[in-house]
Amino acid sequence: MNKGAVIAVVALLAVGTYVSVSSIYTVSEVEQAIITQFGKPIGDPVTTAGLKFKMPFIQVVNPIDRRVLEWDGNPSDMPTKDKLYISVDLFARWRITDPLQYFLRLHDERSAQSRLDDILGSETRNAVAKHELIEIIRTTKGREPLRDALLTEAEREQDIGSLVPIQKGRKLVEEEIFTAAADKVRVFGIELLDIRFKRINYNESVRPKIYDRMISERRQIAERFLSEGHGEAARIRGNRVRDLNKIQSEAYREVEEIRGLADAKATEIYARAYNQTPASVAFYEFTRTMKSYKAMIAENTTLVLSTDSELFKFLKGMDPDNAVNAPGNEPSNGGEVARDVLR
């Protein structure tokens with residue numbers, strides 16, 4: 001065999017191998033395929049895994065994922081029925097059930113994600129706009145919260161610590177979004193499996209107002225605790241003052257009783273000592289009168305006494321200082337003694 005024949009045989013083998021390889025393809029367990037010829041689908045979708053054949057060169061295999069796929073939307077600000085703007089973050093799970101319809105309308109997953117953004121975002125906005133915020137946040141109807149046992153009746157009447165009643169709840173709102181969106185995506189050969197709120201947060205413009213309301217409620221309860229504390233403190237201080245006054249009054253009474261008993265005892269001793277003779281009685285009367293003079297009479301003191309007064313009898317023999325030492329005005333012994341005592 002000459003050289004040209006060898007080259008021809010090799011060329012034919014290479015072409016045959018290339019044609020054979022081009023006519024064979026595989027489909028994995030997680031894929032399905034659409035065969036297109038000149039850009040148009042040919043035959044039914046290939047949904048079984050294994051080794052498959054196609055026309056080489058003119059037919060193209062378009063693999064399509066058959067697994068459960070994820071859609072994760074971007075957070076979006078939207079108003080609720082009670083005019084509160086919230087940021088809603090949503091996610092969903094979906095899969096391709098009609099690969100031919102999916103290929104004809106969307107062609108690839110990137111287009112499918114874009115269409116899901118439009119449909120799910122629109123339905124979410126509609127559902128949020130039809131419900132109040134509490135319906136989207138809460139999940140269970142009729143739930144009874146644990147309320148602070150220290151709340152007063154007035155605060156309980158103001159619904160402090162209570163939950164606003166709801167009609168549906170977040171789960172039913174999610175079901176509304178799912179039902180409305182599932183019908184719209186079905187025409188693209190897509191089955192919507194599930195949808196959930198991933199995060200719901202207040203808009204930045206609304207968040208300070210919500211925090212202020214929460215702070216005011218907590219402050220109201222704190223003010224009540226403070227007022228009760230001040231009242232209790234005032235009661236304790238009042239009891240302390242009352243007990244202190246009681247102790248002082250009882251102590252004063254006991255002191256006065258002791259002093260009275262002492263005075264009575266002293267008087268008894270004085271009486272027993274000065275009542276022994278008439279001279280001792282007169283001397284005691286004189287000394288007690290002199291002490292009463294010192295207690296009653298001060299500088300520039302004027303006394304108005306009757307001449308027969310017991311208090312005046314010791315003053316009868318006294319003269320002013322400028323007259324006591326004058327010639328012919330010698331005081332009596334009693335007056336001299338009285339003057340010395342007063343001095």
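The legends below describe close-up views of a predicted model of one protein.

**View 1. The protein as a whole combines helices and strands.** The secondary structure of this predicted model comes to 10 helices and nine strands. Of its 343 residues, 24% count as buried. The accessible surface comes to about 23,600 Å², and carbon and sulfur atoms account for 55% of that area. Among contacts between residues at least 6 apart in sequence, 65% join residues at least 24 apart.

**View 2. Three strands form an open antiparallel sheet.** The order of the strands is E3-E2-E5. Strand E3 (40–41) and strand E5 (59–65) stand at the edges, and each has a single partner strand, so one side of each is left without a neighbour in the sheet. Strand E2 (residues 31–37) is joined to E3 by two bridges, and these two strands run antiparallel. Within this pairing, Gln37 stands opposite Lys40 in E3.

**View 3. Helix H3 carries its buried residues on the same side.** Helix H3 spans residues 109–129, a total of 21 residues. From its first C-alpha to its last it reaches 30 Å, close to the 30 Å expected at 1.5 Å a residue. The buried residues of H3 are Ala112, Gln113, Leu116, Ile119, Leu120, Glu123, Thr124, Ala127 and Val128. They cover an arc of only 155° around the axis, which puts them on the same side of H3. An α-helix has 3.6 residues a turn, so residues three or four places apart point the same way.

**View 4. Several helices and strands supply the largest nonpolar core.** This core has 32 residues. Those that touch the most other members are Trp71, Trp94, Tyr102, Leu120, Ile190, Leu192 and Phe197. At least two residues of the core come from each of strand E6 (69–72), E8, helix H2 (99–105), H3, helix H4 (133–137), helix H6 (170–185) and strand E9 (190–202). In soluble globular proteins, nonpolar side chains tend to be buried together.

**View 5. Thr80 is a buried residue in a loop.** The loop that holds Thr80 lies between strand E7 (76–79) and strand E8 (85–96). Thr80 has 3% relative accessibility and therefore counts as buried, the cut-off being under 20%. Leaving aside neighbours within four places in sequence, Thr80 is in contact with Ile86, Val128, Ala129, His131, Glu132, Leu133 and Ile136. One of these contacts, Val128, is also among the buried residues of H3.

Methods. Residues numbered from 1 in each chain as written. Predicted model: local features only at pLDDT ≥ 70, side-chain atom pairs only at ≥ 80, totals over all residues. Heavy atoms only, no water. Pairing = 2+ DSSP bridges. Helix = DSSP H or I, 4+ residues; strand = E, 2+ residues; numbered from the N terminus. Expected span 1.5 Å × (residues − 1). Buried < 20%, exposed > 50% of the residue type's maximum accessible area, 1.4 Å probe, protein only. Arc of directions from axis to C-beta. Contact = heavy atoms within 4.5 Å. Core = buried A, V, L, I, M, F, W, Y, C linked by side-chain atoms within 4.5 Å. Areas by Shrake-Rupley, 256 points an atom, 1.4 Å probe, with all protein chains shown as cover.
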